[in-house]
Amino acid sequence: MMALAFHLQVVNLLAALLLLISFAMLSQRRVVGLVTLFAWQGAALAVSTAIVAGTTGQYHLYYSAALTFGLKVIAMPWYFYRLVRKLDVNRVVEPLINIPTTMLIGILLVIFAFNLALPISEMSGTVTRSTLGIAIACVLLAFLMMITRTKAIPQVIGFLSMENGLFFAATSATYGMPLVVELGVALDVLVGVFVLGIFIFQIRETFDSLDLKHMEKLKEK
Amino acid sequence: MSTGILLQAAQTLLAILLAPLLMGWVNQCRAWLQGRSAPSIVQPYRALRKLFHKDAVLAHDASPLFRFAPYMVFASMALAAGIVPTLANDLPFSPAADVIALVGIFALARVFLALAAMDIGTAFGTLGARREMLVSFLAEPALLMVFFTASLISQSTALPVIVATLAHKAFAIHPSLAFAAVAFWMISLAENARIPVDNPTTHLELTMIHEAMVLEYSARHLALIEWATAVKLFTYSALGIALFVPWGIAAQGDVAALPLALAAMVAKLAAGGAALSLLEAVSAKVRLFRVPEFLGTAFLLAVLGMLIHFLLEA
C-alpha cells in the first residue's frame, strides 16, 4: 500500500463519511432526521473541498467550499426545518421498498459505481481521483432515495443530495468546475429549493397531503 | 517463554476478575445518566457472591445438559478472554485461535445456552432461544465481515498481527476501519444483549431475549452465566480496543510497557463503558422485528468498509 499524505487521508475519510451519510439518508424514516443528515453531508463536502483547495492551490475551490457551507449547511436546512414545522409532516414514513431491501440495492449500486469509476480514475491525474467512485455512488444512492420515497420533501432532499454527489465528483475528477459554472449551479439550486418550497405548499393546498401518489389523478383520461 | 505463560495467566485472570467491575461501571454510569442514585461499582461482585452461596434449584425434567451448560458457557468466555490481547500482544494462547475461530468460540457458548434454554421445555426458554438465534445468525456474518476488513488491512486473520499492524507501525487513517468500528459497535450491542436489541434489566416476557433463556437457572449456575455475560462484555470491549484503538497494548516481550498498557486499558474501558451507558440512556429498545434491520445495517457498514478498503487503500 502506498502511503498517502495526511491531508489526503483526511479527504478519503471524508469521502467515506459522505457515502455513510448517503446510506443513513436511505434508512432514515423521519423528515427532520433527513434534513439533519443533509446538513452533515454538506458540511463533510465543504470541509473536503476546502482541504482539496488548500492541497492543490486551486483557490477558487475555497469559494465553492464557502458557498457549499453557506447554502447547504445553513440556509437550506434552516429553510427545510421551517417548512417541516409549518407543514407538520415530521412523522415516520415507510418508503415504497422496505429499508433492508433498499440497503441491499444500495450495496449493489456502490459496487457498480466503484467498478464504473475505476477506469475513469486511472485516466484522471488529480490527487483525489480515488474518491470518484464514492462520488458516483453518492449520486446513485441519492437517485435511489428519490425513487423509493413518495413524499415531496424527501424527494427534494434526494435531489439536493444528488447535487452534492455531482459536486464531489467534479472536485475529485477535475478539481471542480470553473467558478462561473459553480456559482450558476449554486444559484439554480437555491432558486430551485425556494420554488419547490412554494410548490410543496401548493400541493398541500390542493390535495391536503404531500404524498405524490395523489398527483397521478392529474393524468388525462 | 515462562514469562509469556505467566503473562498469559495474569491477563486471563485479570480479564475474568475485572469483568464484573466493568459491568458495575456501566450500570453506575447509566444510573447517573437516568438521574437515579447509582448502585455501588462492586455491586455485581456482591450479586455473584450471594448467588454462589445459595442452593441450586433444578427443574425435574432437567437433563445433564442443563447443569453442564453454565460451565461450558463460562469456559468458552474465559478462553475467549485469554485469546484477545488486552495487556500484552502475542501471548502463548493467541495462536490457538484467529479471529474466525474466536467467532466460533462465541457461537459455541451461544449454542449451549440455547440448548439449555430449550432443555427444560418451558415456553419462555424456547422463545428466548429462538430469538437469540435470530439475533445471532444475523450478527455473526456481520462480525465476520468486520474481521475481514481488519484482516485485509493487516494481511492476516491472527489477532496479534492485526494489533501489531495498527499499534506499532506508522499512523495512517483507514476510512474502512471507521466503518468497521461502527459496525462492530452495533454488533456488540446485539451480541451482549444491550439496548436497543435487548434490555439487560427487563423481565418483561414480550421483549426479553437473553433473560428469557436463563430464567430457569438459579444459584451457582446463574452466577456462572451472569459472570460469563460480564466476561463476554469485557471480551467484546477488549476486542474492539484491539481492532480499532490498540495503542498502548504492550508489544511482544516488552515487560516494561505493561504498567502503561494497564493504565491505557483501564482508561479505554472506562471511556467505552461510559459511552455504552450514554447510548443506552438516550436510545430506546427497538421492536424485535426491527432487529434484522439494525443488524442488516451493521452488515452493510461492514461490507461498505471492505469495499472502501479496495477503493481507497488497496
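These are my notebook entries on the fold of chain A and on one pair of its helices.

**Basis.** I am reading a predicted model, in which local features need pLDDT of at least 70, side-chain atom pairs count only at pLDDT 80 or more, and totals for chains, interfaces and linings use all residues. I number residues from 1 along each chain as its sequence is written, with chains lettered from A and ligands numbered from 1 in the order in which they are written.

**Elements.** I looked up the secondary structure of chain A and found seven helices and zero strands, where helices (H or I, at least four residues) and strands (E, at least two) are DSSP runs numbered from the N terminus.

**Overall form.** I noted a radius of gyration of 18 Å for chain A, which agrees with the value near 17 Å for a compact globule of 221 residues; the radius is taken over C-alpha atoms, and the globule rule is 2.2 Å times the number of residues to the power 0.38. The C-alpha atoms of chain A fill a box of roughly 55 × 35 × 30 Å along the principal axes.

**Helix pair.** I then turned to α6 (residues 152-174) and α7 (residues 179-207) of chain A, whose axes come within 10 Å and cross at roughly 170 degrees, the axes being lines fitted to C-alpha atoms over the stretch in contact and the angles running from 0 to 180 degrees between N-to-C directions. That makes α6(A) roughly antiparallel to α7(A), a word kept for angles over 145 degrees. Among the residues making the contact (C-beta atoms, placed from the backbone, within 7 Å) are Val156(A) and Leu160(A) of α6(A) and Val193(A) and Leu196(A) of α7(A).

Methods
Parallel < 35°, antiparallel > 145°, perpendicular 65-115°, else oblique. Contact = placed C-beta atoms within 7 Å.
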